[in-house]
Amino acid sequence: MTDLSSIAPRDKAEILAQALPYIRKFHGKTMVIKYGGNAMTDPELQQDFAEDVVLLKLVGINPVVVHGGGPQIEQALNRLGKKGEFIQGMRVTDAETMEVVEWVLAGEVQQDIVGLIHHAGGKAVGLTGRDGGMIRAKKLKMLDHKDPSIEYDVGQVGDIVAIDPSVVKALQDDAFIPVISPIGFGEENESYNINADVVASRLATVLQAEKLVMLTNIPGVLDKQGQLLPELTPQQIDALIADGTISGGMLPKLAGAIDAAKAGVQAVHVVDGRVPHSMLLEILTDQAYGTMIRSH
């Protein structure tokens, strides 16, 4: 936990006073948080994250956590002597890999997060897309970036067909914090591994969330000089993609963020998860700890 004892009482009061208008504004609203990167693997940052989520719940905001688990899946596959294979940044998921994905995400990773939140004084419930029939999916059609006539078979990687958020709403109404693994199910009851950024973005849209917060391993969206862009509109992002400022792994993250913003999520925050309590600071203070994408 970050040490607050060194802060003068007057400064503490000032911090709380600054947070008050934001707490009032977001009271009763839903916030979807995509949890990943260093915030998910560094023990101190894990604790900070859990405390932030519990604090949001205590002041009357409804956090919903969606998590990834790429490094943890990679470790588990290595232990089994299986080599991870990627096509255009997407993990090829055969039946055996899918089994590993399920027990790592819905077992180990999810239960760690639930335990951290409980330890910080909250009440969390772990879910996958199967629970309450939440995430219906189909096999993802992956076309070659350069030649769309070429289609790759990436196995049990899913594309979302529909999200039924009723189980999430039921838990929220009952003072629980939902923690969701990005696993969907298909028409034949088969499982699908789905990109966690995509699940978080679509869930935020379906829940009509006030905010979508994406914890990453970068300060936010940067310009060509490497300077943080604290605020953007979807139109500005389109221009930054067109001129090559935004590329690589940032593209899929921002595609989901833009979709959510255009579909009515008031603001999407791409936040530096390596900064202690960055999520709280971004939401409840005037200071920018990442990039905010406004819906208009």
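## How two helices cross

In this predicted model, the crossing of helices α3 and α4 is right-handed. To find the pair, look for α3 at residues 70-79 and α4 at residues 95-119. Their axes sit 10 Å apart, and the angle between the two helices is about 125°. That angle is why α3 counts as oblique to α4.

So who touches whom? On the α3 side, the residues in contact are Gln-72, Ile-73, Ala-76, Leu-77 and Arg-79. Across from them, α4 brings Thr-97, Val-100, Val-101, Trp-103, Val-104, Leu-105 and Val-109. Sort the residues of this contact by class and you get nine nonpolar, two polar and one charged.

## A closed space inside

Now let's hunt for holes. Searching the whole structure turns up one cavity of 30 Å³ or more. The largest cavity holds about 70 Å³ of space.

Which residues line the largest cavity? You can pick out Ala-39, Leu-45, Asp-48, Phe-49, Asp-52 and Leu-215, along with Gly-273, Val-275, Pro-276, His-277, Ser-278 and Met-279. Two helices, α2 (43-58) and α9 (278-284), are the elements that give two or more residues to this lining. Of the elements, α2 gives the most, with four residues. As for chemistry, the lining of the largest cavity is made of seven nonpolar, three polar and two charged residues.

## The largest pocket

Next up is the largest pocket, with a volume of about 1400 Å³. Its lining takes in 50 residues. If you want to find the middle of the pocket, head for Gly-89, Met-90, Asn-195, Ala-196 and Asp-197, the lining residues that lie nearest its centre.

Plenty of elements pitch in here. Among the strands, β1 (30-35), β4 (90-91), β7 (142-143), β9 (158-163) and β13 (211-216) each supply at least two residues of the lining. The helices α3, α6 (196-206) and α8 (250-262) also supply at least two each. Which element has the largest share of the pocket lining? That would be α8, with eight residues. You've already met α3: besides helping to line this pocket, α3 packs against α4.

What classes of residue make up the lining of the largest pocket? The split is 23 nonpolar, 20 polar and seven charged.

Definitions and conventions: Residues numbered from 1 in each chain as written. Predicted model: local features only at pLDDT ≥ 70, side-chain atom pairs only at ≥ 80, totals over all residues. Heavy atoms only, no water. Axes fitted to C-alpha atoms, helices over the stretch in contact; angles between N-to-C directions. Parallel < 35°, antiparallel > 145°, perpendicular 65-115°, else oblique. Left-handed = near helix turned anticlockwise from the far one by under 90°. Contact = heavy atoms within 4.5 Å. Nonpolar A, V, L, I, M, F, W, Y, C, P; charged D, E, K, R; others polar. 1 Å grid on protein atoms, 1.4 Å probe; cavity = no way out; pocket = protein on both sides within 12 Å on 5 of 7 lines; lining within 4 Å. Points joined across faces, edges and corners; volume = space filled by probe spheres on them.
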